[in-house]
Amino acid sequence: MTQQIIESNELSELKDQFALMTTKLEKQKIINDELLKESMTTKLSHIERWYHFRFRIDIIAAPIISIVSFAQYMNEGFRYWGFSLLVLAIGLTDFLLNRKSYKILDISNLPNLSMTNASEKVVRHKQLHSMINKIFLLPMTILIVWTIAIACNYTWNLQIIALVVFMLVVSISFGIRQMKRNRKRLETVLHQIKLLNE
């Protein structure tokens, strides 16, 4: 009888410990889930800011550059003012394609999606981004060469060429680095969504 009471007490104590451990684990999971969601929100907000920066360049900077360039070189012939039309065309096309890419990614809803749906959106986003890079390869090359030609006034001024090339390399390198960071952020977000859905 005494043995049964001792075993019953031990069993009751084990149940209490197990219940306490379960409660702690549930609280820990809630804390971990909240930390994951917070981390996802931070990473996605970086991507969102990058998109908004691109949108501002496309719909504000590109038209201003185009208008100023056109006004300045209007009487100089197409080899000068044609540049402003190319800048405007690239800015408009970039805005439309990046807006489509932004909508596909659906940043605000991405953390709430299932792993399958989130992965599908990220893959479609990557495919479109890859296509955008290919589309702009030729126009951007023409724009860079044209920029250098106008900066040198169609002469071989090596100092100006070196300066313009340096500025363009820095600008392009910055853009490529940002795209790589965004790609890593998206991969991390996908991994975090997977952890949340487990």
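# Close-up views of a four-helix chain

The protein chain has an accessible surface of about 13600 Å², and 65% of that surface belongs to carbon and sulfur atoms. Accessible areas come from the Shrake-Rupley method with a 1.4 Å probe; for residues, only the protein chains shown count as cover. This is a predicted model, where local features need pLDDT of at least 70, side-chain atom pairs count only at pLDDT 80 or more, and totals for chains, interfaces and linings use all residues. Residues are numbered from 1 along each chain as its sequence is written, and side-chain values use heavy atoms, with hydrogens and water left out.

**View 1. The whole chain has four helices and zero strands.** Along the sequence, the pattern reads α-α-α-α. Helices (H or I, at least four residues) and strands (E, at least two) are DSSP runs, numbered from the N terminus. Of the 198 residues, 29% count as buried. Buried means under 20% relative accessible area, exposed means over 50%, and partly exposed lies in between (1.4 Å probe, protein chains only). Among contacts with a separation of 6 or more, 77% come from residues 24 or more positions apart. A contact means heavy atoms within 4.5 Å.

**View 2. Confidence is lowest in helix α1 and highest in α2.** Helix α1 (residues 2-73) has a mean pLDDT of 74, whereas α2 reaches 91. The chain averages 83, and 82% of the residues score at least 70. pLDDT is the predictor's confidence in each residue, from 0 to 100.

**View 3. Helices α2 and α3 pack at an angle of about 170°.** Their axes are 10 Å apart. The two helices are therefore roughly antiparallel to each other. By class, their contact has 20 nonpolar, seven polar and five charged residues. Axes are lines fitted to C-alpha atoms, for helices over the stretch in contact, and angles run from 0 to 180 degrees between N-to-C directions. Angles under 35 degrees count as roughly parallel, over 145 as roughly antiparallel, 65 to 115 as roughly perpendicular and the rest as oblique. Ala, Val, Leu, Ile, Met, Phe, Trp, Tyr, Cys and Pro count as nonpolar; Asp, Glu, Lys and Arg are charged; the others, Gly among them, are polar.

**View 4. The axes of helices α3 and α4 cross at roughly 180°.** Helix α3 spans residues 115-151, and helix α4 spans residues 158-197. Their axes come within 12 Å. That makes α3 roughly antiparallel to α4. Their contact divides into 16 nonpolar, six polar and four charged residues.

**View 5. Ser101 is buried in helix α2.** This helix covers residues 78-105. Ser101 has a relative accessible area of 0%. Not counting residues up to four places away in sequence, Ser101 touches Tyr51, His125, Leu128, His129 and Ile132.

**View 6. Asn133 is partly exposed in helix α3.** The relative accessible area of Asn133 is 37%. Asn133 and Asp94 are 39 residues apart in sequence, and their C-alpha atoms are 9.9 Å apart in space.

**View 7. Two loop residues, Asp106 and Tyr154, have a positive phi.** Most residues other than glycine have a negative phi. Asp106 has a phi near 50° and lies in the loop between α2 and α3. Asp106 is partly exposed, at 21% relative accessible area. Tyr154 has a phi of about 60° and sits in the loop between α3 and α4. Tyr154 is partly exposed too, at 31%.
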